[in-house]
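Let's take a walk through this model together, starting from one residue and working outward.

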Amino acid sequence: GASSTGTIQGRITDAQGAVLPGVTVTATSPSMLGEQTTVSSEAGNYRFPAVPPGTYTVTYELAGFNTLRREGVQISLGFTANLN
């Protein structure tokens with residue numbers, strides 16, 4: 001059957017390409033009640049497996065690093081956004 005949600009996932013690395021575990025990743029959208037938060041794995045990977053379609057802002061936060069914000073991320077039904 002058709003999926004009623006999409007996925008946001010990616011791998012977090014620093015400017016030199018080294019993976020960054022422990023990054024707090026937050027996804028917010030008007031189409032979602034509240035926000036979803038996860039923490040990147042030891043391999044720097046993160047995943048929001050079932051987010052409703054809409055436009056998202058994804059924020060990455062880690063002590064000692066600048067906070068990064070990706071805005072206007074479009075999620076549609078069954079779509080997977082890879083944000084690295």
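**From one isoleucine outward**

Leaving aside residues up to four places away in sequence, Ile 8 touches Ala 27, Tyr 46, Arg 47, Phe 48, Val 51, Tyr 56, Val 58, Ile 75, Ala 81 and Leu 83. Keep in mind as you look around that this is a predicted model.

Where does Ile 8 belong in the wider picture? In soluble globular proteins, nonpolar side chains tend to be buried together. Here the largest nonpolar core has 17 residues, and Ile 8 is listed with Val 25, Tyr 46, Tyr 56 and Tyr 60 as having the most contacts inside it. At least two residues of this core come from each of β2 (24-28), β4 (45-51), β5 (54-61) and β6 (68-75).

Now turn to the strands. An open sheet is formed by three of them, ordered β4-β1-β7, with mixed pairing. Its edges are β4 and β7 (80-82), each of which pairs on one side only. On average, and ignoring direction, neighbouring strands in this sheet are turned by 10 degrees against each other. Strand β1 (residues 6-11) pairs with β4 in the antiparallel sense, over five bridges. For a landmark along this pairing, find Gly 10, whose bridge partner in β4 is Tyr 46.

Finally, look for charged partners. Side chains of opposite charge can pair when their charged atoms come close. The structure holds one salt bridge, and it links Glu 71 with Arg 69, with 3.2 Å between the closest N and O atoms. Are these two residues buried or exposed? Glu 71 counts as exposed because its relative accessibility is 56%, and Arg 69 counts as exposed because its value is 52%; the cut-off for exposed is over 50%.

Note on methods:
Residues numbered from 1 in each chain as written. Predicted model: local features only at pLDDT ≥ 70, side-chain atom pairs only at ≥ 80, totals over all residues. Heavy atoms only, no water. Salt bridge = Lys/Arg side-chain N within 4 Å of Asp/Glu carboxyl O. Buried < 20%, exposed > 50% of the residue type's maximum accessible area, 1.4 Å probe, protein only. Core = buried A, V, L, I, M, F, W, Y, C linked by side-chain atoms within 4.5 Å. Helix = DSSP H or I, 4+ residues; strand = E, 2+ residues; numbered from the N terminus. Contact = heavy atoms within 4.5 Å. Pairing = 2+ DSSP bridges. Axes fitted to C-alpha atoms, helices over the stretch in contact; angles between N-to-C directions.
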